[in-house]
Amino acid sequence: MRKILSFIALILVCLNTKAELTISDYCNIKDATPAGIKDITPLPDGESFAAISDNGRSIEKFSYKTGKKTGVIFSLDEVKGDLKINDFEGFKISENGKKILLWNDSEQIYRYSFRAEYYVYDTFRNTLAKVSDKGKQRAGTISHDGRYVAYERNNNIWISNLDYKTDIAITTDGETGKILNGVPDWSYEEEFDLLNLMRWNSDDTVLAFIKFDESEVPEYRFDQYRGYCSNDPLGDLYPNTYSYKYMLPGFKNSVVSVHAYNLDNRTTKKMDIPLKSDDYIPSLEFGADGNRLMAMVLNREQNILKLYNINPASTVGNLILTEQSDTWISPDSYQNVFYGASDFVFCSDKSGYKHLYIYDYNGGLKKTLTKGDFNVTKYYGCDKRGIHYMQTTILSPINRSVVSVDAKGVIKNLTGNTGTSSASFSSDMSYFVKTFSSSTVPTQYTICNSAGNQVAELEMNRVYAEKYKNAPKMEFTKVKNASGEEMNAYIIKPSNFDSSKKYPLLMYQYNGPESQEVLDRWRMEGIFYIASQGYVVACVDGRGTGNRSREWAKCVYLDLGNLETQDQLAGVKYFGTLPYVDSDRMGCFGWSYGGYMTLMEMGAENTPLKTGVAMAPVSDWRFYDGIYTERFMRTPETNARGYLTSSALNRTEGMKGNLLVISGTDDDNVHMYNTLKYTSKLSSEGKICDMMIYAGFEHSLRMCDARVQLFRKITDFLNNNLKKR
């Protein structure tokens with residue numbers, strides 16, 4: 001039925017190919033995003049995966065071999081017993097497949113974390129049990145055998161035993177603004193991508209967790225104003241005050257420690273590893289055998305990473321690996337790690353590129369798994385034959401390929417073509433769901449076997465592709481910076497492009513350390529709408545960006561913004577020489593770090609830019625998140641000159657063009673204070689700029705069609721200042 005409906009839709013689109021795309025088609029997240037597939041959960045048999053049904057009322061079972069539905073493992077309509085629920089938002093299946101953890105009625109905490117009502121479904125009895133009746137839970141963590149669920153509530157860890165219907169707190173010292181157990185503070189969630197710091201060992205006899213003492217972390221507060229987009233009455237008449245612990249550079253961070261709770265004797269022990277009060281623990285996992293607790297310790301400067309092998313019974317931790325850098329340790333080193341039965345895979349850029357190494361649990365190097373002038377960007381795992389699977393830049397920095405590496409070190413490209421491919425493997429690594437897109441091909445989802453051969457289609461987005469076939473597309477090129485180094489770049493030409501005409505130029509950028517914008521993947525967003533309105537849009541990845549060499553990424557250390565600005569302006573000047581670009585009408589636009597770059601470029605000496613748009617910009621690194629900022633800049637006390645020269649506030653004297661600054665009042669990431677501080681500096685110097693403030697909106701502006709309105713405003717501003725002569 002789904003294929004028939006898609007075919008009918010394709011016919012209708014083909015009959016209406018002359019219809020022009022609207023701003024909503026480009027800028028509304030729902031309209032502009034290709035159809036996806038439901039989150040896939042590999043099942044233990046290696047032959048099947050689970051996904052939520054299209055109507056959201058069941059969890060269905062599918063075959064990797066055919067992509068076809070083979071059964072239903074949970075349905076809201078088939079639950080037996082007295083307890084029933086009307087909906088669910090997500091699920092996790094216990095490792096043995098006997099229990100399913102479900103949740104609904106979630107409430108957002110920070111950008112990704114949430115509290116919800118959790119339930120456990122028994123696949124044999126078809127019954128539901130509520131995890132707790134004592135209030136919503138955070139970070140529900142089901143044990144391998146499905147008998148226990150650990151979770152956080154009121155800053156303490158609780159364990160619910162569903163067999164005996166007990167629900168007990170295993171920590172009691174939790175306190176708002178002081179002690180967190182098992183869940184990260186704001187900074188760890190935002191910068192280490194951690195939502196849950198509770199880990200079961202393999203036989204479910206030990207629960208390890210991290211404790212945070214954030215007592216001395218300064219509290220950040222801002223007023224919350226109710227906009228017309230929100231149904232929350234708070235902040236309507238009197239602003240509501242939002243407060244949370246937020247570490248700025250140079251201030252106190254959370255003091256962390258590792259603990260392990262033994263379910264048999266109900267005791268908790270603190271693990272014995274050397275920790276300074278300002279160290280971080282960005283990774284905590286059990287080894288495959290369950291007797292090794294692996295903790296990574298990162299110093300505050302983030303240039304020394306130590307890996308400890310801990311015995312949770314004796315609490316003794318042995319240092320087995322140290323990674324050190326003269327700049328910063330890339331997050332890939334603590335996010336791209338895999339612990340096997342007798343060894344583990346570790347990622348390092350010590351060779352000049354990010355590669356994988358296999359170590360034993362004593363810290364001895366067993367094998368260099370990959371090498372060469374390319375980067376490993378994701379490690380997927382190893383099958384029973386000893387073949388490893390990963391995502392790499394082996395074709396070029398702007399492409400992503402899924403590859404295998406056999407025991408002899410032979411690399412096989414499993415996805416072949418240029419573009420961006422990623423994989424989600426079955427539990428035994430015999431199949432993977434391939435996600436592919438390119439600058440001209442919208443996202444496609446297929447199933448492949450471990451040799452890379454396609455066995456089934458899941459979603460090809462043919463209707464979507466037909467709709468956007470005439471939309472502006474990225475064309476890739478290279479541009480040299482002032483030092484003569486080549487930078488990867490793309491250009492988006494206007495709809496109905498005429499090479500005999502001259503168009504205004506808009507430079508789009510992000511350019512944060514280890515980031516990447518120039519990538520051969522499908523995108524359809526506001527900058528394509530701007531191009532469709534008669535602009536040449538261009539982008540360069542200058543020094544500091546990722547997935548080239550270590551030297552290229554890390555040359556910006558301790559001095560953010562300066563080399564990047566030079567490279568962005570080199571890109572502007574190059575594109576200004578093209579015969580179809582009007583060098584008198586050039587502007588720039590960026591979001592977050594890109595907004596910071598806009599301020600830096602607009603204030604640069606002799607900038608060729610006439611107009612800039614800065615969305616949610618950092619204006620001075622002293623005002624931003626400490627973990628992120630100190631990774632690249634250290635503290636203001638140890639790098640006073642770097643903070644001085646990298647501040648956009650110190651470039652306002654050179655700001656002579658037209659500037660639009662945009663912020664959301666509820667942005668807990670890049671606070672609106674950055675915008676207010678910058679515009680205040682302009683005002684004190686007798687300068688003016690345009691502003692657009694979104695009441696009640698956060699960093700990404702994902703609420704209430706705000707993206708459409710945002711790009712209406714940006715396009716209007718550009719038209720008034722660049723398009724008209």
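Which residue of E18 does Leu207 stand opposite? In this predicted model, Leu207 stands opposite Tyr261 in E18, and this pair belongs to the contact between E15 and strand E18 (residues 255–262), two strands that run antiparallel and are joined by 8 bridges.

Strand E15 also pairs with two other strands. Strand E13 (residues 179–181) runs antiparallel to E15 and is joined to it by 3 bridges, with Lys211 of E15 serving as the bridge partner of Asn181. Strand E14 (residues 198–200) likewise pairs with E15 in the antiparallel sense, over 3 bridges, and here Met198 stands opposite Phe209 in E15. The connection between E14 and E15 is a hairpin with 5 residues between the two strands, and within the turn Asp204 has a positive phi of about 60°. As to its surroundings, strand E15 (residues 206–213) has 7 of its 8 residues buried, so the strand is largely enclosed by the rest of the structure.

A second buried site was examined at Thr392, which is found in strand E29 (residues 388–392). Thr392 has a relative accessible area of 1% and is therefore classed as buried, the limit for that class being under 20%. A polar atom of the Thr392 side chain lies 3.2 Å from the backbone nitrogen of Ile394. When neighbours within four places in sequence are left aside, the residues in contact with Thr392 are Phe374, Asn375, Val376 and Thr377, together with Asn399, Arg400, Ser401 and Val403.

The surface of the model was considered next. Tyr673, Leu676, Met691 and Ile693 make a nonpolar surface patch of about 320 Å². The elements that contribute two or more residues to this nonpolar patch are helix H13 (673–684) and strand E43 (690–694). Tyr673 has its place in helix H13, and with a relative accessible area of 38% this residue is partly exposed, because the value falls between the 20% limit for buried residues and the 50% limit for exposed ones. The value for Tyr673 is also over the 30% relative accessible area that is required of residues in a patch.

Taken together, these sites cover both the interior and the surface: strand E15 has 7 of its 8 residues buried, Thr392 is buried, and Tyr673 is partly exposed and takes part in the nonpolar surface patch.

Notes: Residues are numbered from 1 along each chain as its sequence is written. This is a predicted model: local features need pLDDT of at least 70, side-chain atom pairs count only at pLDDT 80 or more; totals for chains, interfaces and linings use all residues. Side-chain values use heavy atoms; hydrogens and water are left out. Patches are made of residues with over 30% relative accessible area and no salt bridge: like charges are joined within 9 Å, nonpolar side chains (Val, Leu, Ile, Met, Phe, Trp, Tyr) within 5 Å. Accessible areas come from the Shrake-Rupley method with a 1.4 Å probe; for residues, only the protein chains shown count as cover. A salt bridge is a side-chain nitrogen of Lys or Arg within 4 Å of a carboxyl oxygen of Asp or Glu. Helices (H or I, at least four residues) and strands (E, at least two) are DSSP runs, numbered from the N terminus. Buried means under 20% relative accessible area, exposed over 50%, partly exposed in between (1.4 Å probe, protein chains only). A polar contact is a pair of N or O atoms within 3.5 Å; within protein, one must be able to donate a hydrogen and the other to accept it, and residues adjacent in sequence count only if both atoms are side-chain atoms. Contact means heavy atoms within 4.5 Å. Two strands pair if DSSP finds at least two bridges between them.
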